[in-house]
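Work through the exercises below with the model open. Try each task before you read its solution.

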Amino acid sequence: MMTIQSRKVALIPAYCPDKKLIALVQSLKETGFTVVVVNDGSKTEQDEIFDAVSEYAAVLKHKKNMGKGAALKTGIKYIRNTFAAPYTLVTADADGQHLPEDILLVCKKAQEKPGCLILGSRMIGKDAPIRSRIGNGVTRWVFYLTTGTRIYDTQTGLRAFSSGLTDYMLSVEGERYEYEMNVLLHLRQQNISAEEVPIQTVYLDNNASSHFDPVRDSFKIYKEILRFSASSFLSFIIDYGLFCALMAITGMTVLSNILARIVSATINFSLNKSFVFGSRVHILQAAVKYFLLAVVVLLFNTCIIKLLITAGLPYMIAKIITETVMFIFSWTVQRLFVFREAKT
């Protein structure tokens with residue numbers, strides 16, 4: 001008899017699925033999973049499929065298509081309100097790309113490491129569809145540059161986590177495909193680790209069943225990432241312009257760098273708190289931390305730029321090199337220290 005401690009819950013968001021969903025749900029049920037399927041506003045032609053699925057799973061329904069992120073949140077809320085913790089929850093796609101044995105594999109890993117997000121990582125090879133190779137490759141590169149975290153398969157829908165992470169999953173913004181990327185973007189901010197488990201790569205009919213729109217949904221995914229860079233770039237432009245102007249007027253390196261930094265830092269703080277991190281940390285608390293960081297950055301910044309100019313580099317080039325060196329350090333500290341919200 002299944003105990004609460006050993007409960008395994010599989011959550012499958014589904015939009016216009018084919019009959020492969022029936023076989024998947026039946027197999028998961030036989031493997032010992034409690035299965036929850038969310039019908040995300042599918043067409044009436046799929047009603048027969050969902051009727052068959054209902055023999056093996058709880059089927060929730062959106063009256064209209066709301067997006068994968070919304071469907072996942074609907075399922076997670078239902079699971080949280082229906083089953084007593086602890087349990088392990090696995091999210092999987094409805095198109096047959098995630099095999100039952102791999103779903104069980106990531107579930108077991110999550111049971112071994114409660115509090116850790118387990119990702120079923122597909123090793124993308126040359127036989128993968130071109131849009132999958134390009135999409136995963138670009139996203140992986142941008143994600144690493146932005147967060148400093150290496151995740152091979154950032155777009156995998158096969159994920160497992162313990163019941164203790166459900167509140168976090170529900171707090172992440174995003175209603176469509178961007179939701180899954182947002183979950184990864186904010187992990188470090190919440191002190192949640194992620195671990196990848198290799199799974200089999202299955203592409204059916206050249207991935208034709210995927211409802212991922214390469215243009216529309218990629219924009220939504222990258223929009224969240226690009227926010228992290230846009231604020232720093234704008235602040236850099238302001239800082240760089242003021243520095244060059246003040247240098248032309250005064251010829252004083254240290255004074256020009258300090259004044260330019262004060263103005264750009266003030267603007268950067270405002271943008272980062274509201275636009276980038278959406279932080280609810282009290283403004284005074286965040287401002288104190290940001291000021292301490294700004295002092296440290298300014299000291300290093302000034303020392304490096306002075307050293308480069310003394311070494312013979314033109315001040316414009318020295319400024320660019322210095323800002324490039326300090327960017328990752330500043331961003332990481334802001335994300336993990338300045339604007340990080342305390343866990344409740």
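**Exercise 1.** How are α1 and α4 oriented to each other?

Solution. Note that this is a predicted model. Two packed helices are described by the angle between their axes and the distance between the axes. Start with the angle: helix α1 (residues 20–31) packs on helix α4 (residues 100–112) at about 45°. Angles that are neither under 35 degrees, nor over 145, nor 65 to 115 count as oblique. Therefore α1 and α4 are oblique to each other. Next, take the distance: the two axes lie 10 Å apart. Then the handedness: the crossing of α1 past α4 is right-handed. Last, list the contacts. From α1 come L24, S27, L28 and T31. They meet P100, I103 and L104 in α4.

**Exercise 2.** Find the residue with which K68 forms a salt bridge, and place both partners in the chain.

Solution. The partner is D93. The closest N and O atoms are 2.9 Å apart. K68 belongs to helix α3 (residues 68–82). D93 sits in the loop between β4 (88–91) and α4. The partners are 25 residues apart, so the pair links distant parts of the chain. The whole structure holds 10 salt bridges.

**Exercise 3.** Examine the backbone at C16 and at the bond between A85 and P86.

Solution. Recall the general rule first. Most residues other than glycine have a negative phi, and most peptide bonds are trans. Now check C16: its phi is positive, about 50°, although C16 is not a glycine. C16 lies in the loop between β1 (8–14) and α1. Then check the bond joining A85 and P86: it is cis, with omega about 5°. P86 is in the loop between α3 and β4.

**Exercise 4.** Which residues make the nonpolar surface patch of about 480 Å²?

Solution. The patch is made by V288, F291, L292, V295 and L299. To locate V288, go to helix α10 (residues 283–310).

Note on methods: Residues numbered from 1 in each chain as written. Predicted model: local features only at pLDDT ≥ 70, side-chain atom pairs only at ≥ 80, totals over all residues. Heavy atoms only, no water. Patch = residues over 30% accessible without salt bridge, like charges linked within 9 Å, V, L, I, M, F, W, Y side chains within 5 Å. Areas by Shrake-Rupley, 256 points an atom, 1.4 Å probe, with all protein chains shown as cover. Salt bridge = Lys/Arg side-chain N within 4 Å of Asp/Glu carboxyl O. Helix = DSSP H or I, 4+ residues; strand = E, 2+ residues; numbered from the N terminus. Axes fitted to C-alpha atoms, helices over the stretch in contact; angles between N-to-C directions. Left-handed = near helix turned anticlockwise from the far one by under 90°. Contact = heavy atoms within 4.5 Å.
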